[in-house]
Each structure stands twice: as structure tokens, then as C-alpha cells.
Amino acid sequence: MNYWLMKTEPGTFSWDDLEKDFMTRGWSEWDGVRNYEARNNMCAMKQGDEVFIYHSSIKPAIVGIGRIVHEAHADSSDTSGLWQCVDVAPVKKFACPISLAVVKALPQLKSMTLVKRGRLSVQSVTHEEWKFILKLAAVTS
DNA sequence: GCCAACGTTGGC
DNA sequence: GCCAACGTTGGC
């Protein structure tokens, strides 16, 4: 099992939209990613892998956990044939989102890709980082 | 709204 | 293949 982090702008697609999709269709297509490294990361995802869902822009924070329900397939919003995406379902919303400021402030998380490479929209998370953030979420909820 | 970081494009 | 110009992302 591998761990990941996916960003979304809540004004365009938020955690609530993820839950709405889940109620109606069972998953959300994570379409619209147009960055090669982000795409390659999605192509490396396996069914059952878990992802942090991150809201960018106003109040940047990790807001919850999702799960990969379908591995990479053609992005239905793309006609070039270049872009792939995965399908995601919500698993758990954090009672208290973990803000970017907190992630940056904690030495255990300061080498996260989220901190080092702020613009990469789909990134991997180490098992250590994953466990640490889960603990943090349990404490603050 | 500003601007730094950084990915992409295109001329040479 | 280099690199300047340009566009986009995303934190602040």
C-alpha cells in the first residue's frame, strides 16, 4: 500500500463534492490534472491506496483521507489522449483540518513534498509522514 | 492582488 | 539542446 496527497481548489472541487459524488456514483474522477509528474504519480497508484485530500488557496490544509477505487484511465475531460486520472472516494473527513502552517512548523513534516515542492498537485507521502499526520488528526479532533 | 516558484513553449 | 519569455499555481 502506498500513500499520496492530492490537491484541489475547494472553489472548483471540494471535500463536499467528493462526498456528493460518492453518494450518487460511488466515486469522483480526479480529472483535469495537466502536469506530467502529477499524472505519472496517478499512474503509479494502486486500487486501495490512500490519499490525503488537500485544499489549496484560502485556508490551505489537509482536510481528510480518500481511497483510490479505480486505477489510472483516460481523463474524460481530455481529447488529446495524453492525460490519465484515477477515481477517488472519501474515507474520512478530519474533524480538524491540518493546516499548511502546522505542517511547515512541525520538524517531523518539514521535508514533505507539500512543503518542498508546493506546486506539485499529486505527490507521494512516506509511511512515516502518513502515520504522523494520522496521529496528529486524532489528537486535534 | 501580489509575486515567487516553476513548468512549458518556442526561437535560435 | 539551450534559454528567454511566458503562463500558471498557490501562499501570503
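**Exercise 1. Find how close the side chain of tyrosine 54 comes to a phosphate oxygen of DNA strand C, and place this residue in its surroundings.**

Solution. An N or O atom in the side chain of tyrosine 54 is 2.6 Å from a phosphate oxygen of DNA strand C. The model is predicted, so this distance is a computed value.

Next, look at the strand pairing. Tyrosine 54 stands opposite isoleucine 62 in strand 4. Strand 3 (residues 50-55) and strand 4 (residues 61-74) run antiparallel and are joined by six bridges.

Last, look at the hairpin of these two strands. Five residues lie between the strands, and serine 57 takes a positive phi near 70 degrees there. Ser57 is also among the residues that surround DNA strand C.

**Exercise 2. List the residues that surround DNA strand C and sort them by class.**

Solution. Start with the list: Lys7, Tyr54, Ser56, Ser57, Pro60, Leu100, Lys104, Gly118 and Arg119 surround DNA strand C. Of the atoms of this DNA strand that come within 4 Å of the protein, sugar and phosphate account for 80%.

Then sort by class: the surface near DNA strand C has three nonpolar, three polar and three charged residues.

Now take two of the charged side chains. Lysine 104 has a polar side-chain atom 2.7 Å from a phosphate oxygen of DNA strand C. Arginine 119 has a side-chain N or O atom 2.9 Å from a base oxygen of DNA strand C.

**Exercise 3. Describe the surroundings of DNA strand B and state which part of it the side chain of arginine 119 approaches.**

Solution. The residues around DNA strand B are Asn35, Tyr36, Arg117 and Arg119. By class, these give one nonpolar, one polar and two charged residues.

Among the atoms of DNA strand B within 4 Å of the protein, 50% belong to sugar or phosphate, and the rest belong to bases.

For the arginines, take each in turn. A polar side-chain atom of arginine 117 lies 3.4 Å from a phosphate oxygen of DNA strand B. For arginine 119, a side-chain N or O atom is 2.5 Å from a base oxygen of DNA strand B. Arg119 is listed around DNA strand B and also around DNA strand C.

**Exercise 4. Explain which parts of the chain are tied together by the pair of phenylalanine 52 and phenylalanine 94.**

Solution. The structure holds five aromatic pairs. In one of them, phenylalanine 52 and phenylalanine 94 are 6.2 Å apart, centre to centre, with 55 degrees between the planes, and the pair is tilted.

Phenylalanine 52 lies in strand 3 and phenylalanine 94 in strand 5, so the pair ties together parts that are 42 residues apart in sequence. Both residues are buried. Ring pairs also link them with Tyr3 and Trp130 into a cluster.

As for the strands, strand 5 (residues 84-99) runs antiparallel to strand 4, with ten bridges between the two. One bridge partnership here is that of histidine 73 with cysteine 85 in strand 5.

**Exercise 5. Decide whether lysine 116 is buried or exposed, and locate its contacts.**

Solution. Lysine 116 is found in helix 4 (residues 113-116). The relative accessible area of lysine 116 is 62%, so this residue is exposed; the cut-off for exposed is over 50%.

For contacts, set aside the neighbours within four places in sequence. Lysine 116 is then in contact with Lys110 and Ser111.

Finally, compare sequence and space: lysine 116 and alanine 38 are 78 residues apart in sequence, and their C-alpha atoms are 15 Å apart.

Note on methods:
Residues are numbered from 1 along each chain as its sequence is written. Chains are lettered from A and ligands numbered from 1 in the order in which they are written. Side-chain values use heavy atoms; hydrogens and water are left out. A residue is near a molecule or strand if one of its heavy atoms lies within 4 Å of it. A polar contact is a pair of N or O atoms within 3.5 Å; within protein, one must be able to donate a hydrogen and the other to accept it, and residues adjacent in sequence count only if both atoms are side-chain atoms. Ala, Val, Leu, Ile, Met, Phe, Trp, Tyr, Cys and Pro count as nonpolar, Asp, Glu, Lys and Arg as charged, and the others, Gly among them, as polar. Helices (H or I, at least four residues) and strands (E, at least two) are DSSP runs, numbered from the N terminus. Buried means under 20% relative accessible area, exposed over 50%, partly exposed in between (1.4 Å probe, protein chains only). Contact means heavy atoms within 4.5 Å. Two strands pair if DSSP finds at least two bridges between them. Rings of Phe, Tyr and Trp (its six-membered ring) pair if their centres lie within 6.5 Å; planes under 30 degrees apart count as stacked, over 60 as edge-to-face and the rest as tilted.
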